[in-house]
Amino acid sequence: MDSIIVRGNGPLHGQIPIAGAKNACLALMPATLLSEEPLTLTNAPRLSDIRTMTELLASLGAEVTGLQDGKVLATSCHGEITPVADYDIVRKMRASNLVLGPLLARLGHAVVSLPGGCAIGARPMDIHIDALSALGAEIELKDGYLHAQALGGLRGALHEMRFASVGATENFLMAAVLAKGTSVLKNAAREPEIVDLARCLRAMGAEIEGEGSSTITIQGVDRLHGATHPVVTDRIELGTYMLAPAICGGEVECLGGKIELVESFCEKLDAAGVSVEETATGLKVKRKNGRIRAVDVVTEPFPGFPTDLQAQMMALLATAEGTSVLEEKIFENRFMHAPELMRMGARIEVQGGQATVHGVEKLKGARVMATDLRASVSLILAGLAAEGETVVSRVYHLDRGYERVEEKLGAVGAKIERVKGE
Ligand code: UD1
C-alpha cells in the first residue's frame, strides 16, 4: 500500500485547480441507465471511486468509455440491462446504491446489494427504501440484497423524508423522472450535487423544479434522451485546499472555486482569522494576521457546515489559539482522525459526537494511518504545518476522492511525495 510523506515547509504560494465533484459525478453516472442515448459528462474527476462506478455500470450492461481528457462518456446499452448490482462491487463504495432508483425507473425491478463504504457509522438504507416505496416500489431484504420491484411501473407521489438524505434524494429524483404523474419530495437534501443532478436530468428531458430548496417537484415523462453535462466543482476538494494556506501561511488561489459552494465554511474561516476573496477565476485564501483563533463547528446538511470538511477543519484548529468544539451531527463515528492527530501532538478529547480541541503552538511529524477518505487528507494538512516528517500510510482511501494530491500541493511549494508500497 502506498504512503505519503509530508515535511513541514513554511508558507504556500500559487494556484490549485479544483476538479469536478466526486459526489456529483457518482450520482450523475447512474443517470445514464435512464436513457438509451449517450450521456457525456465533462469535467469528471480521475478517482478510484469513479472507476468503481464505471465497473458497476459496465456490470449492469452500460457501455462506459472515458476518463480521457478529463471526460467520462457513459452510454446506456440499447440491449439488455442486468438489474443486479453485485456485492463484490457495491461493498467497495456506498454510492453504488445510486443505481437502485434508475434501475427501478427503467426496468421496473432491481436487485442491489447493501453497500459498504467508509467506516464512519451505521449508514442504513431506510430513507431510500421509504422514498422509493412511496413511488410504488415493493422492496424486501433477502440475503444481504435489496429486491425492489414496481409491477405496473412507478407512480408519482408526495413524500416527506424523515431526514434530508443526499443519496435518498438522488434515488428519488432518478426514479420519479420516469414515474407516471407528479411527485413532490419534501425535506429534500439541498446540496449542490443535487442541483447538479437535477440540471443534468433536465438536459436529458426531465421536468424538475425546486432543486436546491427543500421541496422538489417532478413531473414524470415517458422517456429521456442523451445529453452533455459539465460536472459541478468539488466543494470538498475546494475546502480542503483552502485550508492549506490557512494552516501553513502564504496565499493560494483555488481555481474554479465559488463562495456559494462553501459559504458556511467561509464564515468559520473568517472567524478563525482566514480571509477568502472571490476573484474572476476562483477563491484566493490567506491568513489575516497572527495565529489562527479557535472556533466552534457543528456539521449539518447543506447549507450548514459539511461533515466532509470536519476532519480537515480539525487539523486547522489543532494549532489555533484557544479551545474549539466540533460537533458531528451527520455521522456518529467520524472522529477516527482525532487519535492520529494526537500522535502528532494535538490535544483533543472525544466524547460521543463531540470533539474538544485545545490548540497547541506546533504539531510534530509522526507515522499516522489514514482511516477514511477525509481523515487521510486531514493528516496530510496537519503534516504540512508540523515540525519534521509525517508519514501517512494506507492512502488508498485518499485516492478515492483526491486526484493528484502530491502534484497539486507540490505545485504551491509543499514538500510531499508518494512512496509506492507492495
Ligand atoms: C453523501 C456523500 C457523503 C457525505 C454525506 C453527507 C455521496 C456519494 N456521498 O453520502 O460524502 O458525507 O452525503 O453530506 O454523495 N441515513 C439513514 N438512512 C438512510 C440514508 C442515510 O439513516 O437511508 C443516515 C446516514 O447513516 C447518515 C445520514 O443519514 O448518518 C446522512 O446520510 P446521507 O445524506 O444519505 O449521505 P450519503 O448520501 O450516504
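The following exercises, each with a worked solution, concern the ligand site, helices, strands and selected residues of a predicted model.

Residues are numbered from 1 along each chain as its sequence is written, and side-chain values use heavy atoms, with hydrogens and water left out. In this predicted model, local features need pLDDT of at least 70 and side-chain atom pairs count only at pLDDT 80 or more, whereas totals for chains, interfaces and linings use all residues.

**Exercise 1. The ligand shell**

Determine how many residues surround the ligand, how they divide by class, and where the ligand lies with respect to the domains.

Solution.
- Step 1. A residue is near a molecule or strand if one of its heavy atoms lies within 4 Å of it. The ligand is surrounded by 19 residues, and the closest are Asp 126, Ile 127, Ser 165, Asp 308 and Ile 330.
- Step 2. Ala, Val, Leu, Ile, Met, Phe, Trp, Tyr, Cys and Pro count as nonpolar, Asp, Glu, Lys and Arg as charged, and the others, Gly among them, as polar. On this basis the shell around the ligand holds eight nonpolar, five polar and six charged residues.
- Step 3. Helices (H or I, at least four residues) and strands (E, at least two) are DSSP runs, numbered from the N terminus. Helix H5 (126-134) and helix H6 (166-176) each contribute at least two shell residues; the largest share, three residues, comes from H5.
- Step 4. Domain bounds come from an automatic or database domain assignment. Because domain 1 (3-19 + 233-419) and domain 2 (22-230) both give residues to the shell, the ligand lies between them.

**Exercise 2. Polar contacts and coverage of the ligand**

Identify which protein groups lie opposite oxygen atoms of the ligand, and state what percentage of the ligand's accessible area the protein covers.

Solution.
- Step 1. A polar contact is a pair of N or O atoms within 3.5 Å; within protein, one must be able to donate a hydrogen and the other to accept it, and residues adjacent in sequence count only if both atoms are side-chain atoms.
- Step 2. For the side chain of Asn 23, an N or O atom is 3.0 Å from a ligand oxygen.
- Step 3. Two backbones also take part: a polar backbone atom of Ile 330 is 2.5 Å from an oxygen atom of the ligand, and one of Met 125 is 3.4 Å from an oxygen atom of the ligand.
- Step 4. On its own the ligand has 740 Å² of accessible area, of which the protein covers 87%. Accessible areas come from the Shrake-Rupley method with a 1.4 Å probe; for residues, only the protein chains shown count as cover.

**Exercise 3. Helices H6 and H10**

Establish how many residues of H6 and of H10 are buried, and how the N-terminal end of H6 is capped.

Solution.
- Step 1. Buried means under 20% relative accessible area, exposed over 50%, partly exposed in between (1.4 Å probe, protein chains only).
- Step 2. In H6, 10 of the 11 residues are buried, so this helix is largely enclosed by the rest of the structure. Among them are Glu 170, Asn 171 and Phe 172.
- Step 3. The cap of H6 at its N-terminal end is Ser 165, with a side-chain oxygen 3.0 Å from the backbone nitrogen of Ala 168.
- Step 4. Helix H10 (residues 310-317) has eight of its eight residues buried, so H10 too is largely enclosed by the rest of the structure.
- Step 5. Ala 315 lies in H10 and counts as buried at 1% relative accessibility. Its C-alpha atom is separated by 7.4 Å from that of Leu 341, 26 residues apart along the chain.

**Exercise 4. Strand pairing**

State the sense in which E15 pairs with E2 and with E17, and give the strand order of the four-stranded open sheet.

Solution.
- Step 1. Two strands pair if DSSP finds at least two bridges between them.
- Step 2. Strand E2 (residues 12-17) and strand E15 (residues 250-255) run parallel and are joined by six bridges; His 13 has Glu 251 as its bridge partner.
- Step 3. E15 pairs with strand E17 (residues 282-287) in the antiparallel sense over five bridges, and Leu 255 stands opposite Gly 282.
- Step 4. The open sheet has the order E6-E7-E9-E8, with mixed pairing. Its edge strands, E6 (84-85) and E8 (138-142), each pair on one side only.

**Exercise 5. Backbone geometry in loops**

Locate Pro 303 and Asn 43, and describe the backbone geometry at each.

Solution.
- Step 1. Pro 303 lies in the loop between strand E18 (297-298) and H10. The peptide bond from Phe 302 to Pro 303 is cis, with omega near 10°.
- Step 2. Asn 43 occupies the loop between strand E3 (38-42) and helix H2 (48-60). Although Asn 43 is not a glycine, its phi is positive, about 60°; with a relative accessible area of 35%, Asn 43 is partly exposed.
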